[in-house]
Amino acid sequence: MAEPANFLSDVRFQFQDFFGALSLTKRITILAALGIILIGMVSMIFVANRTSWAPLYSNVEPSDAADIVEILQENQIPYMLAPGGRTIMVEPHRIDQARLTLAKEKVLPGSGVGFLDLFSTPSLGETEFQQNVKFRVAQEGELARLISTINVVKSAKVSLAIPQKTLFSDNQVEPTAAIALNLTSSGAGRKQIETIVHLVASAVEGLSPRNVK
């Protein structure tokens, strides 16, 4: 049985004899074909390893973009700014995570950081009940607008029922939420519905996903 080294040597010499017997035109053709194959393999490896990006939000105001980027950095979510700085992109599989994180931090495009916190201090002559109603309405509007950015959603309406806190936890009624969706013809899959449910639940204190309908 031939040793591996001798076998490889024989193959190399046979190839040299075969290649040397070819005409110049055929040699060039073979080398060109091998070059094309090599370039194709390198390109496939490059494409497979290249990070792909998908829009998280588009046409964002510069101040909002800065706030969103800050939250993404704090939560170690990779991002990229498109030319012009008004489109923020993340990896496709991180879109849901990024939107959930921003909703939890109350950072939404067009609202600025702490938009909902603007309602946390009652205006002069305004009762706490009136302030709570304003806050709830603002929260419903922001959540609906955020849900509407999901590609299968044309429009959304969110209704929150947030009971007043009681002194005794045993008597505390849990918050609930109802979501009405106007979907595109493609409809929404299970994963997208779960994303919407968890998005709303994470944005409202004490709201459990099981109480989002």
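This is a short dialogue on reading a few features of the predicted model shown above.

Reader: Let's start wide. How many helices and strands are in the protein?

Author: There are 6 helices and 5 strands. Going along the sequence, the pattern reads α-α-β-α-β-β-α-α-β-β-α. The protein has 213 residues, and 30% of them count as buried. Its accessible surface comes to about 14,200 Å², with 60% of that belonging to carbon and sulfur atoms.

Reader: Now the inside. Which residues in the largest nonpolar core touch the most other members?

Author: The general idea first: in soluble globular proteins, nonpolar side chains tend to be buried together. Here, the largest nonpolar core has 37 residues, and the ones touching the most other members are Leu56, Ile68, Leu72, Leu143, Ile147 and Val200. Elements giving two or more residues to this core include strand S1 (54–57), helix H4 (95–104), helix H5 (128–147) and helix H6 (190–203). The largest share, 6 residues, comes from H6.

Reader: And where does this core lie relative to domain 1 and domain 2?

Author: Domain 1 (54–105) and domain 2 (127–211) both give residues to the core, so it lies between them.

Reader: Can we zoom in on one of those residues? What is Leu143 in contact with, leaving aside its neighbours within four places in sequence?

Author: Leu143 is in contact with Val158, Leu160, Leu199, Val200, Ala203 and Val204.

Reader: I also clicked on Glu140. Is Glu140 buried or exposed?

Author: For that call, look at relative accessible area: buried means under 20%. Glu140 has 13% relative accessibility, so it counts as buried. Glu140 is found in helix H5, and beyond its neighbours within four places in sequence it is in contact with Val158, Ser159 and Leu160. The C-alpha atoms of Glu140 and Val200 are separated by 9.3 Å, although these two residues are 60 apart along the chain.

Reader: What about long-range contacts across the protein: what share join residues at least 24 apart?

Author: Count contacts between residues at least 6 apart in sequence, and 56% of them join residues at least 24 apart.

Reader: Back outside, then. Which residues make the nonpolar surface patch?

Author: Leu31, Leu34, Ile37 and Met41 make a patch of about 410 Å². Leu34 is in helix H2 (residues 24–49).

Reader: One last oddity, Gln76. What is its phi?

Author: Phi of Gln76 is near 55 degrees, a positive value in a residue other than glycine. Gln76 is in the loop between helix H3 (62–74) and strand S2 (79–81). With a relative accessible area of 68%, Gln76 is exposed.

Note on methods: Residues are numbered from 1 along each chain as its sequence is written. This is a predicted model: local features need pLDDT of at least 70, side-chain atom pairs count only at pLDDT 80 or more; totals for chains, interfaces and linings use all residues. Side-chain values use heavy atoms; hydrogens and water are left out. Patches are made of residues with over 30% relative accessible area and no salt bridge: like charges are joined within 9 Å, nonpolar side chains (Val, Leu, Ile, Met, Phe, Trp, Tyr) within 5 Å. Accessible areas come from the Shrake-Rupley method with a 1.4 Å probe; for residues, only the protein chains shown count as cover. A salt bridge is a side-chain nitrogen of Lys or Arg within 4 Å of a carboxyl oxygen of Asp or Glu. Helices (H or I, at least four residues) and strands (E, at least two) are DSSP runs, numbered from the N terminus. Buried means under 20% relative accessible area, exposed over 50%, partly exposed in between (1.4 Å probe, protein chains only). Contact means heavy atoms within 4.5 Å. A nonpolar core is a set of buried Ala, Val, Leu, Ile, Met, Phe, Trp, Tyr and Cys residues joined through side-chain atoms within 4.5 Å. Domain bounds come from an automatic or database domain assignment.
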